[in-house]
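Biologist: I'm new to reading protein models, and I'd love a close look at one part of this one. Could you walk me through a single sheet, and then show me how it sits alongside the rest of the chain?

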Amino acid sequence: MGSKTIKILAIDDNRDNLVTLRALIHEAFPSAHIFTAQDGRKGFELTIRENPDVIFLDIIMPGMDGYEVCRKLKADQELRDIPVVFLTALRGDKESRIKALESGAEAFLSKPVDEVELTAQLRAMLKIRTSNLQKRDEKKRLTEMVEEKTRKLRLSNSKALQLLESVKREQSLIRAIFDSIPGYLYVYDENGTIIRWNRQHETMTGYTQEELSNMTLDQWFDQEDLIRVKATVRDVFEKGYGEVEAHLILKDGSRMLTRSSGVPLEWNGRKYFTGIGLDITEQKRIEEELLESQSILKAAFENSQAGIAIADAPTGTLRYVNTAGLIIRGRPEEEIVHDIDIHRYVDRWNIFHLDGSPYCETEVPLARAILYGETCSEEFIIRRDTSEDRYVLANAAPIKDQNGDIKAGIVVFLDITDRKKFELKLNQNMEDLLASQRIAHLGTWRMDVASDEVVWSEELYRIFGLDCTSSPPPYSEHNKLFTAKSWETLSRAFELIRTAGIPYELELETIGSDGEHGWVWVRGEAVTDPTGTVISLWGIAQDISERKKNERDLLYLNTHDPLTGLYNRKYFEEELKRLDIPENYPLSLIMCDVNGLKLINDSFGHEVGDTLLRKAADTIMKACSRACVLARIGGDEFAVIIPRTSKVEASHTAIKMKELTTRVKVAHIDLSVSFGHDTKTTKTQNVIEVLSNAEDLMYKHKLYERASAKSRTIDLIMRTLFEKSNREAMHSSRVSHICKAIASKLDFNTDAVHQMRIAGLIHDIGKIGVDEKILNKPGRLTEEERHEVEKHPEIGWKILNSTSEFSELSQFVLNHHERWDGSGYPSGLSGESIPLEARIISIADAYDAMTSERSYKTGMSKEDAVKELNRCSGTQFDPEIVKVFVDQALSENNGFFVDSQDFSNSMKTSQSSPMWETEKE
C-alpha cells in the first residue's frame with residue numbers, strides 16, 4: 001500500500017476478541033489504524049465512513065450476521081473492492097467456509113487467531129486491495145479506449161459503405177461469378193477493407209452480408225498471422241502474386257486454417273487485391289498426424305535398445321535397420337543393409353543356432369515372416385568378426401495391407417548376451433550354493449528318536465556359547481539353554497513333532513553359557529520310515545539376537561521422541577484414544593509450549609535450544625504422577641494426559657509445572673513455558689475438542705508471556721556478546737552515545753533519541769553468531785573471516801525482528817552497513833532508501849572504529865577521523881548527517897571518549913534491568 005496508512009476494520013460482538021485481534025495486528029503492523037464495531041450494522045456504517053483496506057468479520061452476530069454484512073458490502077459498487085476475512089471459533093467448519101466464500105469473502109481464519117497466519121493473511125489482503133484499486137483505474141482507462149476504438153470503427157464502416165455504394169452497379173455480375181467459385185473469394189482495397197465476396201465467404205465464416213461489409217483485414221487474424229498476411233499483401237502488389245497459410249477468425253470465435261492466394265487488381269484507377277481462400281484444416285490435421293506418427297515411430301525406433309529391421313516383400317530387401325541393430329551386428333550400414341535380400345541374411349548377418357550350426361536361408365525369423373506370414377520368436381547367435389558373439393532374441397511378424405497381402409516384414413531383435421551370461425553364472429551359483437549349504441554358518445542338529453542321541457554342528461555350539469570339542473548336552477538338559485517361557489513353547493512343539501511328525505518354526509529366547517540372553521529362530525522337521533513312524537528329527541537354528549535388538553530399538557523409536565526421551569505424537573494420539581473411556585473420567589489434558597525457542601536457536605544455536613527442550617521435559621515430568629502420559633508432540637510443544645483427574649486437580653498440576661519451570665535456567669536463559677488445560681467429564685464430550693480447548697488456553701497465555709520472554713532473551717544475547725568480547729562492549733557503548741548525540745542535533749523527539757541510543761547499543765547484536773575467536777582476533781581478518789563477520793547485520797535483523805519491542809530497530813540494524821553510493825551490504829541500498837537511523841549508526845560506527853585502538857593499528861586522532869568522514873561524505877556516508885556530526889555533535893561531546901571504568905559501572909548498574917533502560921531519560 002506504499003506509504004499510505006493502513007486502515008483495518010474488525011467487526012465482532014465479543015469485545016475480548018476485538019482486543020486480542022487489535023493486539024496481534026499492532027504487533028505485525030504498528031502503524032496501522034484499526035477501527036472496531038460490535039455489530040454488523042455499525043460495522044457497515046463504519047465501512048462507508050472510513051473506507052478501510054481490510055475487514056475482519058465475525059460470522060455469528062446479533063441483528064445482521066457476518067454473511068449478510070459481507071453480501072451487502074460486495075453489492076455496493078464503492079465497497080466491493082475491500083477484502084473481507086471471516087473469523088470463526090469452529091475449526092474445520094467446511095460448511096461455514098463455503099458459505100463465507102459464496103457471500104464474497106476473500107479468506108477465512110479460525111479462532112484463536114494464529115499470529116503468523118494473521119500476518120500472512122493481512123499481507124495477502126493488502127495486496128488484493130491494491131490490485132482491486134488498480135483494476136478499477138484500469139477499467140476506466142479501458143472504457144475510454146473502447147469508446148475511441150468504437151469511434152474509429154464507425155468511421156471505417158462509414159467509408160466502407162460509401163465505397164460499396166459506388167460500385168453497386170457491378171454487384172450483380174460479380175456476385176454471380178463469385179458464388180460459382182469453390183472456397184471463399186474476396187476483393188480488398190489497399191487499406192485492407194473488403195469490398196467484394198462470394199456467398200461461400202458468408203457460409204464459411206458465419207458472418208452475414210451486412211457484417212462482412214464492415215470487415216477489414218485486421219479483424220480476421222491474430223497479430224502473429226496478421227504480420228504474415230500483410231507481408232503477402234505486399235508481395236501481391238510488388239511481385240504480382242502472393243500465397244499464405246493463416247488462421248481465419250470466424251464469427252463464433254473459432255479459427256479456421258486457410259490457404260489464401262491473391263493477385264493485384266486495378267479498377268477505376270484504384271488498386272485492389274483479389275483472391276480465393278480454401279479451408280485446409282482437415283488437410284493440415286491429416287498431414288500433421290502423419291508427420292507426428294512418422295516422428296514418433298522414428299524416435300521410438302532410433303532410441304530403442306532393441307534392434308529393428310524392416311524388409312520389403314517378397315524379395316526381403318532391407319528397407320531400414322536402426323542404430324541398435326547395427327551395433328548388435330558390429331558392422332557399418334553399407335555392408336549389412338544395402339543390396340541384401342532373403343537369400344543373404346544368414347551370410348551377411350552371420351546368424352547361427354544356439355548350438356553353433358548355421359541357419360538355412362528360409363529359417364531366419366524375418367524370412368519366415370515375409371515368405372510364410374509367420375509371427376515367430378527365436379533365440380540365436382550373431383557372430384561378430386572381431387569382438388565376442390552376441391546372443392539375440394528375435395521377434396518377427398509380417399506387415400499386411402488391408403487385403404491381407406504381405407507387403408513387408410519386421411523383426412525386433414534384442415541383445416540378451418548379458419542375460420545368457422547371467423543364466424550360465426546362475427547355474428554355476430546354484431551348484432556352489434548346494435555345496436555351501438553344508439558349510440554355512442547356520443546351526444544344525446539331528447536327533448535319533450529311539451536313543452535320544454543328539455548331534456550338533458559347530459555353529460550351534462557358538463550360538464549357545466559352548467565348547468565345540470565336547471559332546472552336546474543331552475536333550476534332558478536343553479531346558480537350561482532357554483528361558484522358562486521359551487522352553488515351555490519349544491517342549492510343546494517338540495512333543496508334537498516327535499509323536500505326530502508336525503514340523504515347527506519358532507523364535508525362542510536363549511540363555512548362553514555366560515548367562516547372557518539372546519534369541520534364535522528354529523525350525524524342526526521329522527523323518528519317517530515307510531510306515532509313517534517318526535525315526536529321527538532334524539532342525540536348524542539361527543542367531544537372531546541382533547535383529548530382535550533392532551526390533552526393540554525400532555519399537556522404542558516409533559513411540560519415543562529421540563531428543564527428550566518422552567513419548568512422541570503418534571504414541572500420544574494412540575494413548576488418547578485408548579484412555580478415552582468412562583473408567584478414566586474425568587480425563588484431564590495439559591498443553592505446554594516453550595516460549596521463544598526459535599529465537600534461542602537462532603541466537604545461541606540449536607544445541608542450546610535442544611538442552612532447553614530437554615530441561616523443559618525433565619521439569620514438566622517432575623510435576624507429573626506415574627499415571628500421566630507425557631509426550632513431545634511438536635517442536636516446542638508438550639502434552640500431558642492425566643486419567644481420573646478433575647479440572648481443579650489439573651489446574652494445580654499446571655500451576656506446579658509453571659512454578660518448577662520458572663526456576664530453570666540453561667546457559668543463563670530463563671526457561672519460559674506457557675500452559676493450558678481442560679477436562680473431559682462425560683462420554684458425550686469430544687476429546688479432540690477438549691484438547692483444542694487446552695491448546696487455546698495455552699496460546700492465550702503464550703500471547704501475554706512470550707513478549708517478555710523474548711525481551712529477556714534479547715538482553716541475555718547482548719550480555720553474552722559483551723562477555724565474549726570486551727572490545728565489542730566498549731565499541732557498542734561509544735556508538736550508542738554518538739547515535740544519541742546525532743539524533744538530538746537532528747531534533748529527534750525524546751522517545752526517538754532514546755530509541756536511537758538503543759539502536760546504537762545493539763547494532764552489532766548479530767555478532768552473537770560470529771565465532772568468539774574472530775571477534776577477539778588481535779590481527780587483521782582473513783577474507784573468509786571477513787565474510788563471516790559481514791553476516792552479522794542479517795543475523796541481528798533476524799533476532800530483533802522476532803520481537804514486537806525491537807522489530808522497528810531490526811531494520812536499522814540490518815542496514816547500518818549500507819553505503820550512500822549503494823556499494824554496501826547486505827542489500828546494496830543507496831541514498832535515502834537507507835533508513836535515516838541506519839545512516840546515523842553507519843557514521844557513529846565508522847567514527848568509533850577509526851578512533852579506537854586495535855592490536856594491529858593505532859587509532860586515528862579526532863582530526864584525522866573527521867577528515868576521513870568528510871572525504872567519504874557523499875559516497876559512504878550521508879553528507880547532511882556528516883555535517884551535523886562534525887559541526888555540532890562532535891564538538892560538544894569531547895570526541896565521545898568513554899572511560900572503561902564508567903562503562904564497567906554502567907554494566908554493573910544494568911545487571912538488575914535491561915541495559916537499554918539504564919540511561920533512559
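Modeller: Let's start with strand β3, residues 54-58, and strand β4, residues 84-88: these two pair in the parallel sense, over four bridges. Please keep in mind that this is a predicted model. To find one of the bridges yourself, look for L57; its bridge partner in β4 is F86.

Now step back to see the sheet to which this pair belongs. Five strands make up an open sheet, and if you walk across it you meet them in the order β2-β1-β3-β4-β5, with parallel pairing. At the edges you will find β2 (33-37) and β5 (107-110), each of which pairs on one side only. Neighbouring strands in this sheet are turned against each other by 20° on average, direction ignored.

Next, look for a helix that goes with these strands. Helix α2, made of residues 40-50, lies across β1 (7-11), β2 and β3. Compare its direction with that of β1: the helix runs at about 170° to that strand.

With the sheet in view, we can place it in the whole protein, which has 33 helices and 27 strands. Of its 921 residues, 44% are buried. If you take the contacts between residues at least 6 apart in sequence, 58% of them join residues at least 24 apart. The accessible surface comes to about 49,500 Å², and carbon and sulfur atoms account for 52% of that.

Where do buried nonpolar residues gather? The largest nonpolar core has 70 residues, and those with the most contacts inside it are C592, I620, F638, V640, M657 and F885. M657 is a good one to click on: leaving aside neighbours within four places in sequence, M657 is in contact with I590, C592, I620, A623, C624, V640 and F675. Apart from this core lies another, of 28 residues, including L326, W349, V364 and F380.

Let's finish with a single residue in a helix. T232 lies in helix α9, which spans residues 223-239. T232 counts as buried because its relative accessible area is 12%, and the cut-off for buried is under 20%. Not counting residues up to four places away in sequence, T232 touches G242, E243 and V244. Of these, V244 is 12 residues from T232 along the chain, and the C-alpha atoms of T232 and V244 are separated by 6.5 Å.

Conventions. Residues are numbered from 1 along each chain as its sequence is written. This is a predicted model: local features need pLDDT of at least 70, side-chain atom pairs count only at pLDDT 80 or more; totals for chains, interfaces and linings use all residues. Side-chain values use heavy atoms; hydrogens and water are left out. Two strands pair if DSSP finds at least two bridges between them. Axes are lines fitted to C-alpha atoms, for helices over the stretch in contact, and angles run from 0 to 180 degrees between N-to-C directions. Contact means heavy atoms within 4.5 Å. Buried means under 20% relative accessible area, exposed over 50%, partly exposed in between (1.4 Å probe, protein chains only). Accessible areas come from the Shrake-Rupley method with a 1.4 Å probe; for residues, only the protein chains shown count as cover. A nonpolar core is a set of buried Ala, Val, Leu, Ile, Met, Phe, Trp, Tyr and Cys residues joined through side-chain atoms within 4.5 Å.
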